[in-house]
Amino acid sequence: MSTKESTLKPDEFTVANNYANFLNHITKLRNPHEVEFLQAVREVVNSLVPVLAHHPQYMKSCILERLVEPEKIISFRVSWVDDEGDVQINRGYRVQFNSALGPYKGGLRFHTTVNESIIKFLGFEQTFKNSLTGQPIGGGKGGSDFDPKGKTDLEIMRFCQSFMTELYNHIGPDTDVPAGDIGVNAREIGYMFGQYKKLRGAFEAGVLTGKGLEYGGSLARTEATGYGLVYFVREMLQDKGIGFEDKTVIVSGSGNVSIYAMEKAAEFGAKVVACSDSNGCIYDENGIDLNTVKELKESGDERISEYITKYPNAQYLDDCSNIWSIPCDIALPCATQNEIDEATAKTLVDNGVQAVGEGANMPSTQEAINLFLDNDIHFAPAKAANAGGVAVSSLEMAQNGSKLMWTFEEVDEKLKDIMKNIYQNSMQAASDYGSPGNLVAGANIAGFIKIADAMSAQGII
Ligand SMILES: NC(=O)C1=CN([C@@H]2O[C@H](COP(=O)(O)OP(=O)(O)OC[C@H]3O[C@@H](n4cnc5c(N)ncnc54)[C@H](OP(=O)(O)O)[C@@H]3O)[C@@H](O)[C@H]2O)C=CC1
Ligand SMILES: N=C(CCC(=O)O)C(=O)O
């Protein structure tokens with residue numbers, strides 16, 4: 001917990017001790033090797049001490065103890081045949097974390113680093129994020145250790161079909177609705193939707209979100225996470241009397257979230273000077289040419305280093321973490337978890353960063369978050385700031401259910417309202433529970449209370 005956090009009141013000491021013991025229990029006995037999951041849980045538990053002290057009924061019915069245990073974890077083998085005719089085996093997961101607010105909702109990640117701890121951390125974060133959107137959706141996440149990089153279109157199709165052949169038994173529009181995440185974009189969603197429809201024998205549009213526009217996708221879903229991040233950060237900055245105008249911005253990653261965060265930041269008057277991929281980062285002091293990045297990364301499957309071919313005056317740094325050594329006013333980590341550690345955060349602060357907005361899930365370590373908060377950096381935490389994607393996914397489900405299709409402007413206006421509400425509700429919760437201005441605490445508290453009240457109403461299940 002940051003040293004800036006409010007000092008605990010007497011009755012909160014007891015709760016803090018009880019929950020320190022609880023954290024020890026789940027760390028040592030229940031999830032000893034799940035490092036990323038425990039990191040996500042620890043941050044939330046530390047934020048909730050004042051809430052639990054104020055609501056003893058949540059402690060009596062063990063709301064938090066139940067909330068940190070997923071309702072269901074499904075793990076399955078995925079066998080598929082590559083273009084050489086060789087059999088490949090991957091592991092698939094779906095963690096159905098919490099359905100107090102609605103059907104499980106959350107992305108699918110295809111990346112070599114996927115394991116149960118990663119999927120559980122993502123599902124836990126998703127549960128709070130989805131609550132903050134105000135939409136009727138629970139939390140879940142899934143994926144596989146399948147690496148789409150370097151695979152042909154046909155290999156990706158065969159993998160997705162095999163993956164869905166197992167997953168389809170466990171999902172549905174009112175049960176569990178997957179979507180995209182790292183390594184899963186419109187192409188993968190399309191192949192999985194086709195297989196689901198064939199196996200189910202019905203066109204259930206609402207079973208997946210991020211679908212193509214021609215078969216039930218929502219306008220603005222592709223842009224939603226990146227746009228929503230910038231809308232949220234703008235709300236935060238406006239409260240401080242500043243904005244994106246004339247600011248220097250760096251955005252890690254160059255995938256779905258990163259590209260549309262860069263687009264909206266530039267539209268709001270910022271100069272985006274750097275972005276990255278898992279091999280390295282580019283720095284263009286004249287401002288990144290986003291169309292070139294889209295050609296390389298959305299249309300093609302190129303490395304970001306190819307940008308230099310078109311812009312030889314730009315620089316390529318052969319390590320993606322070097323992006324954080326570039327001086328900037330606003331940093332938007334949009335690649336992956338724990339990409340900013342304490343040393344990186346110190347470099348950003350020493351270079352004069354004013355604001356950090358988390359587009360990726362858990363991109364900052366706890367130590368980095370504490371350093372940002374202790375240095376009064378305007379900090380927009382992931383589960384609040386990157387909720388625009390899942391919020392528009394929920395709007396896609398609503399359009400599917402009503403068999404209507406809203407315009408881009410209609411969806412974008414709803415997205416702006418949702419991000420504004422998340423900001424205001426998180427700030428209010430932070431103020432109500434003794435951490436004024438601390439959006440990390442506020443988002444965790446606001447997300448928790450809605451889930452806790454729903455779980456209380458639904459009995460001990
Ligand atoms: N898609 C969505 O709707 C949402 C996604 N998020 C989060 O945003 C982040 C990015 O997701 P998304 O844009 O969808 O994914 P994409 O696969 O579209 O893009 C991911 C980007 O991050 C880079 N990257 C991935 N893993 C690493 C790594 N270990 N080290 C460095 N760079 C890495 C990729 O580089 P390369 O091309 O080399 O792999 C790529 O540039 C993730 O944390 C995701 O959980 C959050 C909310 C919604
Ligand atoms: N990957 C996502 C989007 C999930 C969704 O749209 O259901 C996330 O919120 O982390």
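1. Ser393 reaches ligand 2 through a polar side-chain atom, 2.6 Å from an oxygen atom of the ligand. A polar contact here is a pair of N or O atoms within 3.5 Å; within protein, one must be able to donate a hydrogen and the other to accept it, and residues adjacent in sequence count only if both atoms are side-chain atoms. Lys105 has a side-chain N or O atom 2.5 Å from an oxygen atom of ligand 2. For a polar side-chain atom of Gln126, the distance to an oxygen atom of ligand 2 is 3.0 Å. On its own, ligand 2 has 300 Å² of accessible area, and the protein covers 94% of it. Areas come from the Shrake-Rupley method with a 1.4 Å probe; for residues, only the protein chains shown count as cover.

2. This is a predicted model: local features need pLDDT of at least 70, side-chain atom pairs count only at pLDDT 80 or more, and totals for chains, interfaces and linings use all residues. Residues are numbered from 1 along each chain as its sequence is written, chains are lettered from A and ligands numbered from 1 in the order written, and side-chain values use heavy atoms, without hydrogens and water.

3. Which residues come nearest to ligand 2? Of the 14 around it, they are Lys105, Lys129, Lys141, Arg221 and Ser393. A residue counts as near if one of its heavy atoms lies within 4 Å. Strand 3 (104-110), helix 5 (116-133) and helix 15 (388-402) each give two or more residues to this shell. Helices (H or I, at least four residues) and strands (E, at least two) are DSSP runs, numbered from the N terminus. The shell holds two nonpolar, seven polar and five charged residues. Ala, Val, Leu, Ile, Met, Phe, Trp, Tyr, Cys and Pro count as nonpolar, Asp, Glu, Lys and Arg as charged, and the others, Gly among them, as polar.

4. Ligand 1 has 28 residues around it, with Asp181, Arg221, Ser278, Arg303 and Asn361 coming nearest. Three side chains have polar atoms close to its oxygen atoms: Ser278 at 2.4 Å, Arg303 at 2.6 Å and Asp181 at 2.7 Å. Alone, ligand 1 exposes 890 Å², of which the protein buries 88%. Helix 8 (221-239) and helix 9 (256-267) each give two or more residues to the shell. By class, the shell has six nonpolar, 14 polar and eight charged residues.

5. Helix 5 also packs against helix 17: the axes come within 8 Å and cross at roughly 85°. Axes are lines fitted to C-alpha atoms, for helices over the stretch in contact, and angles run from 0 to 180 degrees between N-to-C directions. The two helices are therefore roughly perpendicular, a label for angles of 65 to 115 degrees (under 35 is roughly parallel, over 145 roughly antiparallel, the rest oblique). Thr127, Phe128, Ser131 and Leu132 of helix 5 take part, meeting residues of helix 17 that include Phe448 and Lys450. Contact means heavy atoms within 4.5 Å. Six nonpolar, four polar and one charged residues make up this contact.

6. Helix 16 (residues 408-432) meets helix 17 (residues 439-457) as well. Their axes come within 7 Å and cross at roughly 100°, so helix 16 is roughly perpendicular to helix 17. Tyr423 and Met427 are among the helix 16 residues involved, and Leu439 and Ile445 among those of helix 17. This contact has eight nonpolar, three polar and no charged residues.
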